[in-house]
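Colleague: Please take one close look at the second largest pocket, and then follow the chain outwards from there. How many residues of each class does the lining have?

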Amino acid sequence: MWRKASAAALLALAVGYFYYGSPDLPEQILQHISLPNFQSTSPSQNSVEQVISAAWETLITLPTRQWSKVAVGVNACVDVVVSGVGLLQALAVDPGTGMDHEVLHSKEDLKEAFIHFMERGAAAERFFSDSEAFQRIARAAAEYPGAKLYVGGNAALIGQKLATYPDLMVLLCGPVGPKLHEMLDEQIVVPPESLQQTDEYHLILEYKAGEQWGSTQAPQANRFIFSHDVSNGEMSSLETFVASLDEFEPDLVVLSGLHMMEGQGRELWEERLKEAVLAISDIRKDIPIHLELASMTDKDYMNSIMQEVMPIVSSIGLNEQELLFLSQAGQGPHADMATWKGIPDVGQVSDILLWILEQHGRSEPSSEADLTRIHFHTLAYHILATVDGYWGNQAAAVMAGARVASSQACGLQSVDVSKVELKAPLQFHSSHTEPREKLSLNPAEPVTVWRRGNVTFHMTTVLVCKQPLRTVGLGDAISAEGLVYSELKTQQPF
């Protein structure tokens, strides 16, 4: 023992001597010298990301009772991602000045709207009114060199994620054309009534930061989306979807696409929403329904969904923008905030989730509403809020959603801790107002649980991908994964 100590001391003296004469030398020496490891090798040396990822692998387990058949509807399309400038040049359109158009009627309108948003570096989505002109542009986009075709639409994306579980039978209802049918997982069942002769294409025109076209230069990378999507816009597959449930006999229904009707105008969406509510009400009461929300801008339309649709579904999935807009539309907690500042405050999110379940859910035994579960996701963390007595395995469900967000954003099948980072706060409060509880997240057991009245909250952090490859459909994958790991309880609540 004393010989090792003496050797270490002599080596230290030698390195010190050389350092005094040449400060750059020790690094060169140490590259060729193997020193004993005097550092602690305790688990604390692992990064917090490693600890969380390892905990997920241990703690995420499937529930005892799993879904065997899931029916998903009703928005589906083919996303064509292409260079915006390249496509417009291929269409023989010359650059010019930008101008916004609420609805696009021609190639010229498309060019002007694209330039208008490109020079601002802003994202936008518009409807193209001329069916024949749109089909010509869509064909040119699909054939453009480097164009990428993806499964699109929330329902189709959720179906794709569910189909990765071999024991799960998935029914997809929506406007499915030949190209989309070819791209779908072979495990997905599409009823004949959902098949149509042409695909619904959504064209996504991308541009890079600094990209130039004529006198226009993009300040940052973004994209301009447009479509002539009447089927999804009118939710024309909804009645077919509900009618197909009798034969398919699912034990879970997932519904999405309500946001697509917003662009149809108030008169049309008011009438169509009433029909949608009647159709949803026809689904057997013992089958839970999950509603996946998406971005909306019309407060009246969002309020109508909140008042008429949310009370007749069992579960909803949404992100931070949709959550705040929902509160603004219904004059809920923190509705005076214009937008979130940075990472959404856990206490404020908790306040809005509780308000939704108290106002539009079954947080009290006397309530006639069906809503008992909300799956909230934002970049840094996720929360599952459930009314007590209805749902099981929610700790595993919220972690499963976070895990898939961490892996899929990086384009991987599993989490690579070198490519992700922790951004969530490890200390936070259960509410933004008093009385409130001070809470913390333990990386070794990365789920924090708290209760408010008859509602239980499960919160976990996300390991955020440092260089995301593709974030389209990430919310759909999170909700799908959370549902796979959730269990509906059979016993009486409360």
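Modeller: For the classes, Ala, Val, Leu, Ile, Met, Phe, Trp, Tyr, Cys and Pro count as nonpolar, Asp, Glu, Lys and Arg as charged, and the others, Gly among them, as polar. On that division the lining of the second largest pocket has 13 nonpolar, eight polar and nine charged residues. The model is predicted, so that local features need pLDDT of at least 70 and side-chain atom pairs count only at pLDDT 80 or more, whereas totals for chains, interfaces and linings use all residues. Residues are numbered from 1 along each chain as its sequence is written, and side-chain values use heavy atoms, with hydrogens and water left out.

The pocket (on a 1 Å grid over the protein atoms alone, an open set of points where a 1.4 Å probe fits, with protein on both sides within 12 Å along at least five of seven lines) has a volume of about 650 Å³, the space filled by probe spheres set on points joined across faces, edges and corners. Its lining, meaning residues with an atom within 4 Å of a point, comprises 30 residues, and Lys285, Asp286, Ile287, Pro288 and Leu488 lie nearest the centre. Helix H11 (266-281) and strand E24 (487-488) are the elements that give two or more residues to this lining; helices (H or I, at least four residues) and strands (E, at least two) are DSSP runs, numbered from the N terminus.

From H11 one can turn to H10, since the axes of H10 and H11 come within 10 Å and cross at roughly 5 degrees, where axes are lines fitted to C-alpha atoms over the stretch in contact and angles run from 0 to 180 degrees between N-to-C directions. H10 and H11 are therefore roughly parallel to each other, the word for angles under 35 degrees. In contact (heavy atoms within 4.5 Å) are Leu238, Glu239 and Val242 of H10 with Arg272, Glu275, Ala276 and Ala279 of H11, which divide into four nonpolar, no polar and three charged residues. Met235, in the loop between helix H9 (230-233) and helix H10 (238-248), has a positive phi of about 50 degrees although it is not a glycine.

Another helix pair is H13 (residues 320-329) and H14 (residues 346-360), whose axes come within 10 Å and cross at roughly 55 degrees. That angle makes H13 oblique to H14, oblique being what remains once angles under 35, over 145 and from 65 to 115 degrees are set aside as roughly parallel, antiparallel and perpendicular. The crossing of H13 and H14 is left-handed, the near helix being turned anticlockwise from the far one by less than a right angle. Leu323, Leu326 and Ser327 of H13 meet Val349, Ile352, Leu353, Trp355 and Ile356 of H14, and the residues of this contact are seven nonpolar, one polar and no charged.

Two peptide bonds also deserve a look. A cis bond joins Gly73 and Val74, with omega about 15 degrees, and Val74 is in the loop between strand E1 (69-73) and strand E2 (77-83). A cis bond also joins Glu434 and Pro435, with omega about -5 degrees, and Pro435 lies in the loop between strand E19 (427-429) and strand E20 (438-440).
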